[in-house]
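Reader: I should like a close look at a single part of this structure, with its surroundings described in detail. Please choose one helix and set it in the context of the fold.

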Amino acid sequence: MRRITAPVMQALCVTALLLGAAQSNPSLAQTPTTTPPAMPPSQWLVITQISVKPEMMVEFQNFMKTTTNPALKKGGIKWREVWQSTNYAGDAFEFVIVAPFDKFAEFDAPSPLEKALGSQGFADWTTKASSFVKTVHRYIIRTRPDLSVMSKSYAPKLAVVSSVRVANGRNQEFENYIKNDFAPVYAKAGTTYLVSQTIFGGDADEYVTLTMRDSFTDLDKGPIVTQVLGAEGAQKLFAKLPAGAVTHMDRTIMRLVPELSIMPAEMPK
């Protein structure tokens, strides 16, 4: 089974940041205006990558709905997004779970699950949960709103995720290109474009960009850059990227699973 790369999770964490921002500022989730809304500040996010046993998919999802999520809510979790690779571009048996945290000191205390279930209940939960999965991996990332564009309402459905490995020591060149040349094209298109970096648990030289799309039909329109600049203009834009700054890039498509997520009650529909 192919393992979801760390960058896929990093990028999805950025969407979770905007969920939290929309919770505190409902105008971010309403009809967009001609003035792009301000990006929220950088935030810490923790993600959990889960590879589920194919034969346990139904049991895993039912366990999350009936046991895990109620306990998390009782333990104080305000929101948590669950994403899944699509059948068309990724491994359908893998999930990415995204949640925010404010300070690392929070990890010195019992987790929300342990707070809700108690020590023995948490041990029982761990034993049961482990029977559904093949692997679990966690990452901590920092969102990069300074490199991102939020130009339309946040309504997560599909996420086109591009993971980018930058040559060691070339980070500033890459960031300057994104900020000054690439991201402004997305702002012109009115499309949300998000960037994040891994801090712990992965490669610090990897960046992730995420473009929200409404549907697979939306993908038939072609890349955003080509839509805005045309084929020739897009080639000129790509040529501005300093040679050798990027050593690898790949893309995938993920979808939000609302029925497995914990969405804020006050989030506009």
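Author: What follows concerns helix α2 and the packing around this helix. The model is predicted.

The setting is a closed barrel of eight strands, in the order β1-β3-β2-β8-β5-β7-β6-β4, with antiparallel pairing. Neighbouring strands of this sheet are turned by 35° against each other on average, direction ignored.

Helix α2 comprises residues 57-74. The strands across which α2 lies are β1 (44-52), β2 (81-85), β3 (94-101) and β4 (133-143). With respect to β3, the helix runs at about 20°.

The interior packing can be described through the largest nonpolar core, which has 21 residues. Within this core, F60 and F95 touch the most other members. Contributions of at least two residues each come from β1, α2, β3 and α3 (112-130). The helix under discussion, α2, gives the most to this core, with six residues. In soluble globular proteins, nonpolar side chains tend to be buried together.

F60 merits individual attention. Leaving aside neighbours within four places in sequence, F60 is in contact with I50, V52, F95, F132 and V133. F95, the other residue singled out above for touching the most members of the core, is thus also among the contacts of F60.

A further core of 18 residues lies apart from the one described; V149, F182, Y186 and Y193 are among its members.

Notes: Residues numbered from 1 in each chain as written. Predicted model: local features only at pLDDT ≥ 70, side-chain atom pairs only at ≥ 80, totals over all residues. Heavy atoms only, no water. Pairing = 2+ DSSP bridges. Helix = DSSP H or I, 4+ residues; strand = E, 2+ residues; numbered from the N terminus. Axes fitted to C-alpha atoms, helices over the stretch in contact; angles between N-to-C directions. Contact = heavy atoms within 4.5 Å. Core = buried A, V, L, I, M, F, W, Y, C linked by side-chain atoms within 4.5 Å. Buried < 20%, exposed > 50% of the residue type's maximum accessible area, 1.4 Å probe, protein only.
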